[in-house]
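Please open the structure in your viewer and keep the sequence beside it. The tour below goes from stop to stop, and at each stop it tells you what to select and what you will find there.

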Amino acid sequence: MEINLISDTVTKPTKQMLEAMFAAEVGDDVFNADPTVNALQDKVARLFGMEAALFFPSGTMANQVAIKIHTHPGDRIFCDKWAHVYNFEGGGIAFNSGVTSKLIDGERGMFTATQLATAVTGRADIHVPYSKLVAIENTTNKGGGACWEISELQKIKKVCNTNNLKLHLDGARLFNALVAKQQDPKQFGEIFDTISICLSKGLGCPVGSLLLGSKKQIQQAFRVRKLFGGGMRQVGYLASAGIYALDNHVERLAEDHQKAKQIGRALEVSAAIKSVEPIETNIVIFYAQNETYLLESFKKASVLITSMGEGKLRIVTHLDFTEAMHKKVLQIIASL
Ligand SMILES: *Cc1c(COP(=O)(O)O)cnc(C)c1O
(Lines give C-alpha, C1' and ligand atoms only; values in the text may rest on other atoms or scores of the structure.)
Protein backbone atom coordinates (compact mmCIF):
# COMPACT_ATOMS: atom_id res chain seq x y z
CA MET A 1 0.00 0.00 0.00
CA GLU A 2 1.55 3.28 -1.10
CA ILE A 3 0.90 6.21 1.23
CA ASN A 4 1.25 9.52 -0.57
CA LEU A 5 1.79 12.47 1.75
CA ILE A 6 3.60 14.80 -0.64
CA SER A 7 0.58 17.12 -0.90
CA ASP A 8 -3.17 17.38 -0.36
CA THR A 9 -3.48 17.68 -4.16
CA VAL A 10 -2.98 13.92 -4.67
CA THR A 11 -6.59 13.06 -3.77
CA LYS A 12 -8.96 11.48 -6.28
CA PRO A 13 -12.67 12.34 -6.48
CA THR A 14 -14.87 10.17 -4.25
CA LYS A 15 -17.65 8.09 -5.78
CA GLN A 16 -20.26 10.59 -4.56
CA MET A 17 -18.29 13.50 -6.02
CA LEU A 18 -18.06 11.72 -9.37
CA GLU A 19 -21.81 11.10 -9.29
CA ALA A 20 -22.41 14.81 -8.67
CA MET A 21 -20.10 15.59 -11.61
CA PHE A 22 -21.93 13.20 -13.96
CA ALA A 23 -25.26 14.75 -13.01
CA ALA A 24 -24.16 18.36 -13.64
CA GLU A 25 -26.19 20.61 -15.90
CA VAL A 26 -23.72 22.41 -18.17
CA GLY A 27 -23.42 25.16 -20.80
CA ASP A 28 -20.73 27.27 -22.46
CA ASP A 29 -19.07 29.16 -19.64
CA VAL A 30 -17.22 31.54 -21.99
CA PHE A 31 -20.71 32.96 -22.65
CA ASN A 32 -21.56 32.82 -18.91
CA ALA A 33 -24.05 30.13 -19.83
CA ASP A 34 -23.03 27.28 -17.55
CA PRO A 35 -25.63 27.13 -14.76
CA THR A 36 -23.45 24.96 -12.50
CA VAL A 37 -20.45 27.29 -12.77
CA ASN A 38 -22.75 30.23 -12.04
CA ALA A 39 -24.20 28.40 -9.03
CA LEU A 40 -20.70 27.66 -7.66
CA GLN A 41 -19.57 31.27 -8.18
CA ASP A 42 -22.69 32.61 -6.42
CA LYS A 43 -22.32 30.13 -3.57
CA VAL A 44 -18.71 31.07 -2.87
CA ALA A 45 -19.33 34.82 -3.23
CA ARG A 46 -22.22 34.57 -0.73
CA LEU A 47 -20.14 32.49 1.68
CA PHE A 48 -17.51 35.23 1.89
CA GLY A 49 -19.99 38.10 1.65
CA MET A 50 -18.31 39.36 -1.53
CA GLU A 51 -20.01 40.68 -4.66
CA ALA A 52 -18.76 38.21 -7.24
CA ALA A 53 -16.58 35.18 -7.93
CA LEU A 54 -14.98 33.59 -10.99
CA PHE A 55 -14.03 29.95 -11.60
CA PHE A 56 -10.42 29.17 -12.60
CA PRO A 57 -8.54 26.06 -13.70
CA SER A 58 -5.81 26.65 -11.08
CA GLY A 59 -4.87 28.65 -8.03
CA THR A 60 -1.86 29.98 -9.87
CA MET A 61 -4.05 31.49 -12.60
CA ALA A 62 -6.46 32.97 -10.03
CA ASN A 63 -3.55 34.63 -8.17
CA GLN A 64 -1.85 35.83 -11.33
CA VAL A 65 -5.04 37.33 -12.73
CA ALA A 66 -5.61 39.09 -9.39
CA ILE A 67 -2.11 40.58 -9.53
CA LYS A 68 -2.70 41.64 -13.14
CA ILE A 69 -5.94 43.51 -12.37
CA HIS A 70 -4.44 45.32 -9.37
CA THR A 71 -1.23 46.53 -11.03
CA HIS A 72 0.47 48.08 -14.06
CA PRO A 73 3.95 47.19 -15.41
CA GLY A 74 6.65 48.81 -13.27
CA ASP A 75 4.59 48.73 -10.06
CA ARG A 76 5.61 46.70 -7.04
CA ILE A 77 3.84 44.36 -4.72
CA PHE A 78 4.63 43.36 -1.13
CA CYS A 79 4.64 39.77 0.07
CA ASP A 80 6.43 37.46 2.46
CA LYS A 81 9.79 36.02 1.32
CA TRP A 82 8.19 32.55 1.36
CA ALA A 83 5.06 33.54 -0.59
CA HIS A 84 3.77 31.05 -3.17
CA VAL A 85 3.00 33.91 -5.60
CA TYR A 86 6.69 34.86 -5.54
CA ASN A 87 8.45 31.49 -5.20
CA PHE A 88 6.25 28.90 -6.85
CA GLU A 89 4.37 30.53 -9.71
CA GLY A 90 7.20 30.50 -12.21
CA GLY A 91 8.08 34.17 -11.83
CA GLY A 92 4.58 35.04 -13.01
CA ILE A 93 4.49 38.34 -11.11
CA ALA A 94 7.25 39.60 -13.40
CA PHE A 95 6.30 37.59 -16.49
CA ASN A 96 2.56 38.26 -16.59
CA SER A 97 2.32 41.67 -14.95
CA GLY A 98 5.81 43.21 -15.32
CA VAL A 99 5.74 43.94 -11.60
CA THR A 100 8.55 43.74 -9.03
CA SER A 101 8.23 42.20 -5.58
CA LYS A 102 9.39 43.64 -2.28
CA LEU A 103 9.83 40.70 0.06
CA ILE A 104 9.12 40.97 3.77
CA ASP A 105 11.11 38.85 6.23
CA GLY A 106 8.22 37.30 8.16
CA GLU A 107 7.83 34.36 10.54
CA ARG A 108 6.49 31.09 9.10
CA GLY A 109 5.27 33.00 6.04
CA MET A 110 3.51 35.72 8.05
CA PHE A 111 4.60 39.33 8.56
CA THR A 112 3.26 42.07 10.82
CA ALA A 113 1.50 45.35 10.03
CA THR A 114 4.56 47.15 11.44
CA GLN A 115 6.87 45.31 9.03
CA LEU A 116 4.58 46.23 6.14
CA ALA A 117 4.46 49.89 7.19
CA THR A 118 8.29 49.93 7.27
CA ALA A 119 8.52 48.30 3.82
CA VAL A 120 6.16 50.85 2.23
CA THR A 121 8.56 53.77 2.49
CA GLY A 122 9.80 56.19 -0.14
CA ARG A 123 6.48 56.39 -1.94
CA ALA A 124 6.98 59.98 -3.07
CA ASP A 125 10.54 59.35 -4.32
CA ILE A 126 10.61 59.17 -8.13
CA HIS A 127 13.31 56.47 -7.95
CA VAL A 128 10.90 54.09 -6.25
CA PRO A 129 8.30 52.01 -8.09
CA TYR A 130 4.63 52.71 -7.41
CA SER A 131 3.34 50.53 -4.56
CA LYS A 132 0.08 48.88 -5.50
CA LEU A 133 -0.64 45.60 -3.80
CA VAL A 134 -0.04 43.49 -0.72
CA ALA A 135 -0.38 39.71 -1.05
CA ILE A 136 -0.99 37.51 1.98
CA GLU A 137 -1.08 33.71 2.13
CA ASN A 138 -3.40 31.81 4.49
CA THR A 139 -2.63 29.14 5.43
CA THR A 140 1.04 29.58 4.60
CA ASN A 141 2.43 26.74 2.52
CA LYS A 142 6.19 26.99 3.05
CA GLY A 143 5.41 28.31 6.54
CA GLY A 144 3.93 24.92 7.47
CA GLY A 145 0.19 25.58 7.32
CA ALA A 146 0.33 28.52 9.73
CA CYS A 147 -2.82 30.63 10.18
CA TRP A 148 -3.05 34.41 10.49
CA GLU A 149 -4.84 36.16 13.34
CA ILE A 150 -7.78 38.30 12.19
CA SER A 151 -6.53 41.14 14.43
CA GLU A 152 -3.19 41.33 12.56
CA LEU A 153 -4.98 41.23 9.19
CA GLN A 154 -7.14 44.16 10.31
CA LYS A 155 -4.00 46.12 11.22
CA ILE A 156 -2.51 45.28 7.83
CA LYS A 157 -5.70 46.48 6.14
CA LYS A 158 -5.28 49.83 7.95
CA VAL A 159 -1.73 50.18 6.61
CA CYS A 160 -3.10 49.38 3.13
CA ASN A 161 -5.84 51.99 3.44
CA THR A 162 -3.38 54.66 4.61
CA ASN A 163 -1.05 53.90 1.69
CA ASN A 164 -3.65 53.29 -1.00
CA LEU A 165 -2.68 49.63 -1.43
CA LYS A 166 -4.97 46.81 -2.49
CA LEU A 167 -4.94 43.63 -0.43
CA HIS A 168 -5.05 40.15 -2.01
CA LEU A 169 -5.36 36.85 -0.18
CA ASP A 170 -3.84 33.70 -1.64
CA GLY A 171 -6.25 31.40 0.15
CA ALA A 172 -5.31 28.12 -1.53
CA ARG A 173 -5.85 26.51 1.90
CA LEU A 174 -8.10 29.16 3.44
CA PHE A 175 -10.69 26.55 4.43
CA ASN A 176 -8.07 24.81 6.58
CA ALA A 177 -7.58 28.09 8.46
CA LEU A 178 -11.34 28.72 8.77
CA VAL A 179 -11.85 25.26 10.29
CA ALA A 180 -8.74 25.28 12.50
CA LYS A 181 -9.42 28.73 13.98
CA GLN A 182 -13.22 28.60 13.68
CA GLN A 183 -13.23 31.89 11.81
CA ASP A 184 -16.10 33.38 9.80
CA PRO A 185 -15.39 33.59 6.05
CA LYS A 186 -17.24 36.94 5.96
CA GLN A 187 -14.50 38.51 8.10
CA PHE A 188 -12.06 37.70 5.29
CA GLY A 189 -14.49 39.08 2.72
CA GLU A 190 -14.52 42.36 4.63
CA ILE A 191 -10.75 42.72 4.91
CA PHE A 192 -9.56 41.66 1.45
CA ASP A 193 -10.12 43.25 -1.97
CA THR A 194 -9.64 39.90 -3.70
CA ILE A 195 -9.38 36.33 -2.42
CA SER A 196 -8.34 33.17 -4.27
CA ILE A 197 -9.38 29.77 -2.96
CA CYS A 198 -8.49 26.27 -4.19
CA LEU A 199 -10.93 23.39 -4.46
CA SER A 200 -8.15 20.99 -5.49
CA LYS A 201 -6.19 21.05 -2.20
CA GLY A 202 -7.80 19.90 1.05
CA LEU A 203 -11.32 19.94 -0.39
CA GLY A 204 -10.53 16.98 -2.65
CA CYS A 205 -11.63 18.22 -6.11
CA PRO A 206 -9.67 17.14 -9.19
CA VAL A 207 -9.47 20.72 -10.56
CA GLY A 208 -10.59 24.19 -9.69
CA SER A 209 -10.04 27.49 -7.93
CA LEU A 210 -12.04 30.69 -7.57
CA LEU A 211 -11.23 34.37 -7.39
CA LEU A 212 -13.52 36.59 -5.34
CA GLY A 213 -13.86 40.36 -5.44
CA SER A 214 -16.11 43.28 -6.32
CA LYS A 215 -18.33 43.07 -9.40
CA LYS A 216 -16.01 45.46 -11.22
CA GLN A 217 -12.86 43.53 -10.33
CA ILE A 218 -14.40 40.21 -11.35
CA GLN A 219 -15.47 41.71 -14.68
CA GLN A 220 -11.85 42.73 -15.27
CA ALA A 221 -10.71 39.28 -14.13
CA PHE A 222 -13.14 37.71 -16.63
CA ARG A 223 -11.34 39.52 -19.47
CA VAL A 224 -7.85 38.73 -18.17
CA ARG A 225 -8.74 35.07 -17.58
CA LYS A 226 -9.66 34.86 -21.28
CA LEU A 227 -6.41 36.61 -22.21
CA PHE A 228 -4.44 34.06 -20.12
CA GLY A 229 -6.20 31.20 -21.92
CA GLY A 230 -8.40 30.25 -18.98
CA GLY A 231 -11.83 30.60 -20.62
CA MET A 232 -13.40 27.15 -20.45
CA ARG A 233 -16.56 25.69 -21.99
CA GLN A 234 -18.77 22.99 -20.37
CA VAL A 235 -16.84 23.30 -17.15
CA GLY A 236 -19.88 22.79 -14.93
CA TYR A 237 -18.75 19.15 -14.62
CA LEU A 238 -15.80 20.46 -12.59
CA ALA A 239 -17.77 23.18 -10.82
CA SER A 240 -20.23 20.57 -9.54
CA ALA A 241 -17.31 18.80 -7.83
CA GLY A 242 -16.65 22.14 -6.11
CA ILE A 243 -20.24 22.49 -4.93
CA TYR A 244 -20.14 18.93 -3.63
CA ALA A 245 -16.84 19.59 -1.81
CA LEU A 246 -18.10 22.78 -0.17
CA ASP A 247 -21.16 20.92 1.11
CA ASN A 248 -19.34 17.77 2.24
CA HIS A 249 -15.58 18.21 2.64
CA VAL A 250 -15.08 21.36 4.71
CA GLU A 251 -15.87 20.25 8.28
CA ARG A 252 -13.83 17.06 7.84
CA LEU A 253 -10.62 19.09 7.41
CA ALA A 254 -10.46 18.90 11.22
CA GLU A 255 -9.61 15.18 10.82
CA ASP A 256 -6.63 16.04 8.60
CA HIS A 257 -5.47 18.55 11.19
CA GLN A 258 -5.76 16.03 14.01
CA LYS A 259 -3.75 13.43 12.07
CA ALA A 260 -1.07 16.02 11.29
CA LYS A 261 -0.78 16.89 14.99
CA GLN A 262 -0.49 13.21 15.95
CA ILE A 263 2.25 12.73 13.34
CA GLY A 264 3.98 15.81 14.71
CA ARG A 265 3.95 14.45 18.25
CA ALA A 266 5.34 11.09 17.06
CA LEU A 267 8.14 12.90 15.18
CA GLU A 268 8.95 15.10 18.19
CA VAL A 269 9.76 12.12 20.42
CA SER A 270 11.78 10.30 17.73
CA ALA A 271 15.56 10.27 18.10
CA ALA A 272 15.84 10.47 14.28
CA ILE A 273 14.24 13.93 14.24
CA LYS A 274 15.98 17.21 15.02
CA SER A 275 12.89 19.42 15.31
CA VAL A 276 9.26 19.87 14.26
CA GLU A 277 7.65 23.20 13.38
CA PRO A 278 4.41 24.15 15.16
CA ILE A 279 1.41 22.41 13.55
CA GLU A 280 -1.86 24.30 13.13
CA THR A 281 -3.48 22.61 10.13
CA ASN A 282 -2.62 19.75 7.74
CA ILE A 283 1.06 20.50 7.01
CA VAL A 284 3.93 19.09 9.07
CA ILE A 285 7.37 20.56 8.52
CA PHE A 286 10.29 18.94 10.28
CA TYR A 287 14.07 18.49 10.21
CA ALA A 288 15.80 15.10 10.40
CA GLN A 289 19.08 14.25 12.13
CA ASN A 290 20.01 12.50 8.89
CA GLU A 291 17.86 13.48 5.92
CA THR A 292 19.10 10.73 3.58
CA TYR A 293 18.42 7.99 6.15
CA LEU A 294 14.98 9.38 6.89
CA LEU A 295 13.92 9.71 3.25
CA GLU A 296 15.20 6.17 2.57
CA SER A 297 13.31 4.74 5.56
CA PHE A 298 10.04 6.31 4.42
CA LYS A 299 10.63 5.24 0.84
CA LYS A 300 11.27 1.62 1.86
CA ALA A 301 7.93 1.65 3.68
CA SER A 302 6.23 3.11 0.56
CA VAL A 303 5.51 6.43 2.27
CA LEU A 304 6.06 9.42 0.01
CA ILE A 305 7.03 12.75 1.58
CA THR A 306 8.62 15.94 0.22
CA SER A 307 12.05 17.44 0.71
CA MET A 308 11.75 21.23 0.48
CA GLY A 309 15.46 22.02 0.53
CA GLU A 310 17.56 23.50 3.37
CA GLY A 311 16.90 20.29 5.35
CA LYS A 312 13.17 20.96 5.45
CA LEU A 313 10.91 17.91 5.12
CA ARG A 314 7.16 18.09 4.58
CA ILE A 315 4.19 15.82 5.21
CA VAL A 316 0.67 16.85 4.18
CA THR A 317 -2.43 15.00 5.38
CA HIS A 318 -5.56 14.81 3.23
CA LEU A 319 -8.89 13.22 2.35
CA ASP A 320 -7.41 10.01 0.92
CA PHE A 321 -5.12 9.43 3.92
CA THR A 322 -7.13 6.78 5.76
CA GLU A 323 -7.10 5.80 9.43
CA ALA A 324 -5.24 2.56 8.51
CA MET A 325 -2.58 4.51 6.61
CA HIS A 326 -2.26 6.91 9.53
CA LYS A 327 -1.65 4.04 11.99
CA LYS A 328 1.02 2.64 9.68
CA VAL A 329 2.80 5.99 9.41
CA LEU A 330 2.82 6.37 13.22
CA GLN A 331 4.35 2.87 13.48
CA ILE A 332 7.03 3.68 10.91
CA ILE A 333 7.95 6.88 12.77
CA ALA A 334 8.16 4.98 16.06
CA SER A 335 10.54 2.47 14.44
CA LEU A 336 12.96 5.07 13.01
C1 LIG B 1 -1.13 25.21 -4.43
C2 LIG B 1 -1.02 26.64 -4.11
C3 LIG B 1 -1.31 27.62 -5.07
C4 LIG B 1 -1.57 27.35 -6.53
O5 LIG B 1 -2.38 26.35 -6.83
P6 LIG B 1 -2.34 25.53 -8.22
O7 LIG B 1 -3.78 25.16 -8.35
O8 LIG B 1 -1.44 24.38 -7.98
O9 LIG B 1 -1.89 26.43 -9.31
C10 LIG B 1 -1.25 28.93 -4.67
N11 LIG B 1 -0.92 29.26 -3.42
C12 LIG B 1 -0.63 28.37 -2.48
C13 LIG B 1 -0.28 28.82 -1.12
C14 LIG B 1 -0.65 27.02 -2.78
O15 LIG B 1 -0.36 26.12 -1.84
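Where is the place of T139? Select T139 and you will find this residue in the loop between strand 5 (131-137) and helix 7 (150-162). Keep in mind throughout that you are looking at a predicted model. Now add N138 to the selection and look at the peptide bond that leads from N138 to T139, which is cis, with omega near -5°.

For a second backbone detail, select N32, which sits in the loop between helix 1 (15-22) and helix 2 (35-48). This residue has a positive phi of about 60°, although N32 is not a glycine.

**The sheet of seven strands**

Next, select strands 2 to 8, and read across them in the order 2-8-7-6-5-3-4, in which these 7 strands form an open sheet with mixed pairing. The edges are held by strand 2 (52-56) and strand 4 (100-104), each of which pairs on one side only. As you move your eye across this sheet, the twist averages 20° from one strand to the next.

Within this sheet, pick out strand 3 (residues 76-80) and strand 5, which run parallel and are joined by 3 bridges. To see a facing pair of residues here, select F78, which stands opposite V134 in strand 5. Helix 3 packs on the sheet, where it touches strand 2, strand 3, strand 5, strand 6 (166-171), strand 7 (194-198) and strand 8 (209-213), and the direction of helix 3 makes about 25° with that of strand 8.

**The ligand**

Helix 3 also leads to the next stop, since helix 3 (residues 59-70) gives the largest share of the shell around the ligand, with 3 residues. Select the ligand together with the 13 residues around it, of which G59, T60, D170, R173 and K201 come nearest. If you colour this shell by residue type, its members divide into 2 nonpolar, 6 polar and 5 charged.

Which atoms should you look at in detail? Begin with G59, where a polar backbone atom is 2.8 Å from an oxygen atom of the ligand. Then turn to the side chains: a polar atom in the side chain of N141 lies 3.0 Å from a ligand oxygen, and a polar side-chain atom of R173 likewise lies 3.0 Å from an oxygen atom of the ligand. On its own the ligand has 380 Å² of accessible area, and the protein covers 84% of that.

**The sheet of four strands**

For the last stop, select strands 9, 10, 12 and 13, which make an open sheet in the order 9-10-13-12, with antiparallel pairing. Strand 9 (273-276) and strand 12 (306-309) stand at the edges and have a single partner strand each, so one side of each is left without a neighbour in the sheet. On average, neighbouring strands of this sheet are turned by 35° against each other, direction ignored.

Strand 10 (residues 283-288) and strand 13 (residues 312-316) pair in the antiparallel sense over 5 bridges, and if you select V284 you can look across to its bridge partner in strand 13, I315. Finally, show helix 13 (residues 291-300), which packs on this sheet and touches strand 9, strand 10, strand 12 and strand 13, while its direction makes about 130° with that of strand 10.

Terms used
Residues numbered from 1 in each chain as written. Predicted model: local features only at pLDDT ≥ 70, side-chain atom pairs only at ≥ 80, totals over all residues. Heavy atoms only, no water. Near = heavy atom within 4 Å. Polar contact = N/O pair within 3.5 Å; in protein donor to acceptor, adjacent residues only side chain to side chain. Areas by Shrake-Rupley, 256 points an atom, 1.4 Å probe, with all protein chains shown as cover. Helix = DSSP H or I, 4+ residues; strand = E, 2+ residues; numbered from the N terminus. Nonpolar A, V, L, I, M, F, W, Y, C, P; charged D, E, K, R; others polar. Pairing = 2+ DSSP bridges. Axes fitted to C-alpha atoms, helices over the stretch in contact; angles between N-to-C directions. Contact = heavy atoms within 4.5 Å.
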